[in-house]
Amino acid sequence: MFLGDLIKFQTEHEDSLLRKCAEHEEVVLYAPTGSGKTVLVSRFIDDYLDENPNTVFLWLCPGAGGLERQSQETFEAVTSGIQDGDVYSFITDPDPKGKVFFINWDKINKKSNVVLREGEHKDLMTKVLSCHNSGIDIFMLIDEEHKYRDTANEYIANIQPVHVLRISATPVSKGDATEVISDDEVIAAGLIAQSISINEGVSLAIQDNNNLDDDLLLLELADKKRKEIQAEYDKLGLMIRPLVLIQFPNGNEDWIKRVKSTLEDMGYGENTGLVASWFSGEHPDNPEEITKLDGKYAFLLFKQAIATGWDCPRAKVLVKLREGGTERFNVQTVGRIRRMPQRKHYDNELLDRCYLYTLDSQFNEGLTSSISDSFYT
């Protein structure tokens, strides 16, 4: 199947989005992680431009994890040659209509304003005014909009687009202008795991003990599960290496060193090339090895920031560390392990599940209260 081909449920929701945009200026798309929302929205843009060629799309994306580049690459792969670019391309393009520009929030957010200085920010709004004066309609897409709602509302007021599509896995409200893709639809299509197993093999004695060293025991359980999954893939002749994600809420250096030391004791030292880290100032030498189905890394250490937008379908196991405190549940974090690597189920219980290991009771409670009973194992 061509990557740009929509599955039946995606086609139905894309058609519904087109109808809703004809009736409402603002529309919200609720799309669970792994539902193929970037492909769906890309095709929506393609079809919308067929009927409204005098439109320019501004697709605002979070900066963490290189999401704007991931979205741009997917868009280029699934659409019919629509020209695209970044915020600077938009500012300098003499005729932006019929094009899509992917904009990193961190480059235009006035609070951080790292890249767009005052003069460049003025250039952006000058370009917007030029579009209005030229009769070019502006359509704004706001990805992960729950993270940037206040700033987004400011830009909507200043840019005055004809339409806004807010995209989120955690929308605040669900009204007539909200398009909801359910977990059940995505599971039935085989795009995400059928269920999640939480703390398999973790004894009650460990769960009742508040010693942070107990979190290190989770690494051994996660590795055992990784090896079981790998054996099943090998039986099926699949060139897939399952990935264990190890999340540090705060990225404390001492705690990271302890985890790396534990992994080394388990046989996964730095010289093995099986452990990758994604922290501020520390990225793997070959990041493509993370996303490849048969990539060399078996473990990826990361902070919360990369949980947004990170696309790694071979990730099957998440170790959520406490690191001296608790953290409010974030649905995107678990979304990293829900994707199916080949966008299908295998009729194999071990492979059709994803796995979470955590002693963070607050995170665990947030997870179990936010997912359906049928998904929780």
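**Notes on a predicted model: salt bridges, rings and a parallel sheet**

1. Let's start with a charged pair: Asp143 and Lys37 make a salt bridge, with their closest N and O atoms 3.1 Å apart. The two come from distant parts of the chain, 106 residues apart: Asp143 belongs to strand E5 (residues 137–143), and Lys37 to helix H2 (residues 37–51). Bear in mind while you look at this that the model is predicted.

2. Are these two partners buried or exposed? Asp143 has a relative accessible area of 0%, so Asp143 is buried. Lys37 comes out at 17% relative accessibility, and because buried means under 20%, Lys37 counts as buried too.

3. Stay with helix H2 and strand E5 for a moment, since there is an aromatic pair to look at here as well: Phe44 sits in helix H2 and Phe139 in strand E5, 95 residues apart. Their ring centres are 5.9 Å apart and the planes make 75°, so this pair is edge-to-face. Phe44 is buried at a relative accessible area of 0%, and Phe139 is likewise counted as buried, at 0% relative accessibility.

4. Which residues form one aromatic cluster with Phe44 and Phe139? They are Tyr48 and Phe57. If you want to go looking for other ring pairs, the structure holds 11 aromatic pairs.

5. Back to charges. The search of the whole structure turns up 19 salt bridges. One that's worth a look joins Asp183 to Arg338, with 3.4 Å between the closest N and O atoms. This pair also links distant parts of the chain: Asp183 is in helix H8 (residues 183–188), while Arg338 lies in the loop between helix H13 (331–335) and E13, 155 residues apart. Both Asp183 and Arg338 are buried.

6. Compare that with Glu289 and Lys292, whose side chains meet in a salt bridge at 3.2 Å, N to O. Glu289 counts as buried at 14% relative accessibility, whereas Lys292, at 36%, counts as partly exposed. There is also a network of salt bridges, and it links Glu26, Glu145 and Arg166.

7. Now for the sheet. It is an open one made of 6 strands, and if you walk across it you meet E8, E13, E12, E9, E11 and E10 in that order, with parallel pairing. Why is one side of E8 and of E10 left without a neighbour in the sheet? Strand E8 (195–198) and strand E10 (275–278) stand at the edges, so each has a single partner strand. On average, neighbouring strands here are turned by 20° against each other, direction ignored.

8. Zoom in on one edge: E10 runs parallel to strand E11 (residues 299–303), and 4 bridges join the two. Within this pairing, Ser277 stands opposite Leu301 in E11.

9. Finally, which helices pack on the sheet? Helix H10 (residues 213–235) does, touching strand E9 (243–248), E11, strand E12 (315–320) and strand E13 (353–358). The direction of H10 makes about 175° with that of E12. Helix H11 (residues 253–265) packs on the sheet as well, touching E9, E10 and E11, and the direction of H11 makes about 155° with that of E9.

How values were computed:
Residues numbered from 1 in each chain as written. Predicted model: local features only at pLDDT ≥ 70, side-chain atom pairs only at ≥ 80, totals over all residues. Heavy atoms only, no water. Pairing = 2+ DSSP bridges. Axes fitted to C-alpha atoms, helices over the stretch in contact; angles between N-to-C directions. Contact = heavy atoms within 4.5 Å. Salt bridge = Lys/Arg side-chain N within 4 Å of Asp/Glu carboxyl O. Buried < 20%, exposed > 50% of the residue type's maximum accessible area, 1.4 Å probe, protein only. Phe/Tyr/Trp six-rings, centres within 6.5 Å; stacked < 30°, edge-to-face > 60°.
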